[in-house]
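Work through these exercises with the structure open beside you. Try each task before you read its solution.

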Amino acid sequence: MANIDELLKYSKTHEWVKDEDGVITIGLSDFAQEELGDIVFINLPMEGDEVVAGEAFADVESVKAVSDVYSPVTGVVEAINEELMDNPALVNEAPYDAWFVKVSEVTDTEDLLDADAYAEFCESEKE
Amino acid sequence: MELLFERSREGRGQTILPQCDVPEYEFDSALLREKAPRLPEISEIDLGRHYTELAGETHGVNNGFYPLGSCTMKYNPRINEELSALNGFTGLHPLQPQCTAQGALQVIYETQKMICEITGMDDMTMQPAAGAHGEYTGLLLIRNYHKERGELQKRTKIIVPDSAHGTNPASAVMAGFKVVSVPSNEFGGVDLEALKAAVGDDTAGLMLTNPNTLGLFDPNILEITKIIHDAGGLCYYDGANLNAVMGHARPGDMGFDCVHVNLHKTFSTPHGGGGPGAGPVGCKAFLKDYLPSPQVKKDENGYSLFVPEKTMGKVRDFYGNFLVVVRAYAYILTLGKEGIPEASANAVLNANYMMNKLKGSYTIAYDTQCMHEFVMDIGPLKSETGISAMDVAKRLLDCGIHPPTMYFPLIVHEALMIEPTETESKETLDKACEFFLNIYKEAKENPEVLHSAPNNCTIGRPDDVLAARNPVLKYSFE
C-alpha cells in the first residue's frame, strides 16, 4: 500500500501538490514512484518557463520506461529542485520531500483530489 | 574475461602496414598529439581468441530460440549472404558510371517493384537505413504533401495510438509535428469514438501499425483510415509487423498512403547487433514526386538514376544500405509468391500455438486469436507471487532462450511480448513452452530462484539501476 501524505492534494496523473500562499509545489506521489520503479534520470523545466495545467512539464526515466510528469496548474516556474538532477533516487527514497518545481503566478488549477479520494483512486488504478 | 587492454604487452603485436611508398610528410608539430595513443599490443592469435570468446558469449538465432516480440528474429537463409557477397556487388563504387552498374540498379528496381506489390504501393525509396528512419521519411512525404497544398500551417498534428512503437511519436516530433495519442478500446484496437474526437482541420495524418503491438489485427482498419482521410489527413503504415500479413493483406488496400517496411525483419537480413538494416518507404502515386533522390527507372536503354520532380532531397548518402537490399531481393525470389504468404501464415500459426499452450497458466493480455505475436500480462502472477516480467525474462536466460520483449507495449504494465517467427519448428516451440511453464511453477513454489536468475550464465543479474545512474562508459587505465 502506497504512502499518502494527508496534508497534500493529488492529481489523477499522480502528482502531489502543496499550496503555500499561492506558490504551488509539485512532486510525484509514492504510488507513482512505486509504479515507475527505480528512477535514473529526471528532466526538469527551466526557471521562468510557463507550465500549463494538464500538459507535461518534466519527464522521469526509470529502468522500465520514460514517463511524462503533468502540471496540475498553469503558471510560471519560480524554482526547480536541482538536487534531483544529480540524485534522481531521492524521488524513490522520499517522494514527498523530493519536489520537482515551485510554480507561481498561477492562473488555472485542475480539480485535485484530497488524500482520501486519492487513496481510493489508487485502489481503482490497481485493478 | 580479459579485455584487449589487459592482454596487451608492450612491444608485442603485428606490423600490418606495408612499407611506405610515398614521400613522407612532416606535420606541423602543433597538430601532433603529445602521447602515443594507448592501443592494445597483442598477437594475432590472442586477438583472434579474444573475439572468438566474445562471440561465444552472445546469443543469436544460430544459438537458440529468440522470440523477441516486434523484432522478427527469424532465421536468415545463408544464400542471402552468399549472394550479397558477390564481387559484382561488394566491389562497386557508388559513383561509377551507371552503365557499368546495371545489375545493381536492376536489383534496386526489382526489389522496389516486388515490395510495392506486397504492400499495395505504387513507388518506393530504398534510402532509409532502418525503421525509424523510414518513419521520418514517410512523415516528410506527408509534410511535403500538405505544404504544397498550402495547409501545412494548420495541419500540425499526427495521431498515434497509445499502443504504438515509441519511435512513432518520436519521428512525428522530429518531422515537426505535434503528437495526439488516442486510447485503445477493450479489444486492443483503436477506439473509434476517441479517434473521431481527435481528428479535425489540424490533422496532418495518422501513424498506425496493423497488426498492432499487441499482435492484434484491427478489424476497423478501413473505417480508421476513412476517418483520417475524411478529415484531410494521410495515413502512414508502420511496417514493423508486416511479417504477420505479407502476401495476405496489403497496407495499400487498408487505405494507407505510405508505408515503411523493415527489410531486416520481414525480409530476413541479419539484425540484432545494430544493423545495418534498411527501411524502404513506399507510397501511393500521388506522393511519388516527393520521394528522396535519386530513384531508379527503367527504359529502353536499361536502368538509370533520376531525380523525382519535387524531391525532398536525400535522406541518406547514395542508395541506402544496398547490400541489405540484395539480401531482401534474394529472400523474396527464393520464397516466391507462394512462399511469402506461407511464411506469414506459419508465423501466425506458431504464435497462436504458443499462446494456446501457455494460456492455461499465464494471463494473455488480450485473449483472442493473435497474429504473429502475443502479449502476456505477468501482472496477476506478480500480485500473487512477487515475480515480475523481468524475473521471468531473466530465468529464460538460464534455459538458453533469448527473453521476449519486456515492458512493451506500455499499455500492459508487466508485458512479455512473444514473437516466435515462422522459422521455428514445433519441437522448438514445445521445448520453449515447457520452460515457460516450469518457470510459472517455480514462481509459485520456489520464487527465490527467479529473483536471483540468471543462475547459469556467464554473469548473473546486473544492477541495471546502478548501470543507468552511474554508467562506466570508458576503460580506465588506472
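**Exercise 1. Domains of chain B**

What distance separates the centres of domain 2 of chain B and domain 3 of chain B, taken over C-alpha atoms? Then describe the side of domain 2 that touches domain 3.

*Solution.*
Step 1. Note that this is a predicted model.
Step 2. Find the domains. The domain assignment of chain B gives domain 1 as 4-24 + 38-56, domain 2 as 78-335 and domain 3 as 339-467.
Step 3. Take the centres of domain 2 and domain 3 of chain B over C-alpha atoms. They are 30 Å apart.
Step 4. Count the contacting residues. In chain B, 21 residues of domain 2 are in contact with 20 residues of domain 3.
Step 5. Sort the domain 2 side by residue class. Eleven residues are nonpolar, nine are polar and one is charged.

**Exercise 2. Where the chains meet**

How many residues of chain B are in contact with chain A? Sort them by class.

*Solution.*
Step 1. Count both sides. Six residues of chain B are in contact with five residues of chain A.
Step 2. Classify the chain B side. Four residues are nonpolar, two are charged and no residue is polar.

**Exercise 3. The faces of a helix**

Which residues of helix H9 of chain B are buried, and why do they line one face of the helix?

*Solution.*
Step 1. Locate H9 in chain B at residues 221-230.
Step 2. List the buried residues. They are B:Ile221, B:Ile224, B:Thr225, B:Ile227 and B:Ile228.
Step 3. Look down the axis of H9(B). The buried residues fall within an arc of 150°, so they line one face of the helix.
Step 4. Recall the helix geometry. An α-helix has 3.6 residues a turn, so residues three or four places apart point the same way.
Step 5. Turn to the face away from the buried side of H9(B). It carries the exposed residues B:Leu222 and B:Asp230.
Step 6. Find what the buried residues of H9(B) pack against. Their partners in chain B are helix H8 (192-198), strand S4 (203-208), strand S5 (234-239) and helix H10 (251-254).
Step 7. Check the backbone just after H9(B). There B:Gly232 takes a positive phi of about 95°.

**Exercise 4. A strand beside that helix**

Are the residues of S5(B) buried or exposed? Identify how S5(B) pairs with S4(B).

*Solution.*
Step 1. Check burial. Six of the six residues of S5(B) are buried.
Step 2. Split the strand by direction. B:Leu234, B:Tyr236 and B:Asp238 point one way from S5(B). B:Cys235, B:Tyr237 and B:Gly239 point the other way.
Step 3. Inspect the pairing. S4(B) and S5(B) run parallel and are joined by four bridges.
Step 4. Pick one pair. B:Met207 has B:Tyr236 in S5(B) as its bridge partner.

**Exercise 5. Fold and pairing in chain A**

What is the order of elements in chain A from the N terminus on? Judge its compactness, then trace the pairings of S8(A).

*Solution.*
Step 1. Count the elements. Chain A has four helices and nine strands.
Step 2. Read them in order: β-β-β-α-β-β-β-β-β-α-α-β-α.
Step 3. Compare the radius of gyration with the globule rule. Chain A has 13 Å, close to the 14 Å given for 127 residues, so it is as compact as a globular protein of that length.
Step 4. Pair S8(A), residues 73-80, with S5(A), residues 50-51. The two are antiparallel and share two bridges. A:Val51 has A:Gly75 in S8(A) as its bridge partner.
Step 5. Pair S8(A) with S9(A), residues 101-109. This pairing is antiparallel too, over six bridges. A:Thr74 stands opposite A:Asp108 in S9(A).

**Exercise 6. One residue in chain A**

Why does A:Ala2 count as partly exposed? Name the residues it touches.

*Solution.*
Step 1. Place A:Ala2. It lies in the segment before strand S1 (9-10) of chain A.
Step 2. Apply the cut-offs: 20 or more other C-beta atoms within 10 Å for buried, 12 or fewer for exposed. A:Ala2 has 17, so it is partly exposed.
Step 3. Leave out residues up to four places away in sequence. A:Ala2 then touches A:Asp30, A:Phe31, A:Glu34 and A:Cys122.

Methods. Residues are numbered from 1 along each chain as its sequence is written. Chains are lettered from A and ligands numbered from 1 in the order in which they are written. This is a predicted model: local features need pLDDT of at least 70, side-chain atom pairs count only at pLDDT 80 or more; totals for chains, interfaces and linings use all residues. Domain bounds come from an automatic or database domain assignment. Two residues are in contact if their C-beta atoms, placed from the backbone, lie within 7 Å. Ala, Val, Leu, Ile, Met, Phe, Trp, Tyr, Cys and Pro count as nonpolar, Asp, Glu, Lys and Arg as charged, and the others, Gly among them, as polar. The arc is that of the directions from the helix axis to the C-beta atoms. Two strands pair if DSSP finds at least two bridges between them. The radius of gyration is taken over C-alpha atoms; the globule rule is 2.2 Å times the number of residues to the power 0.38.
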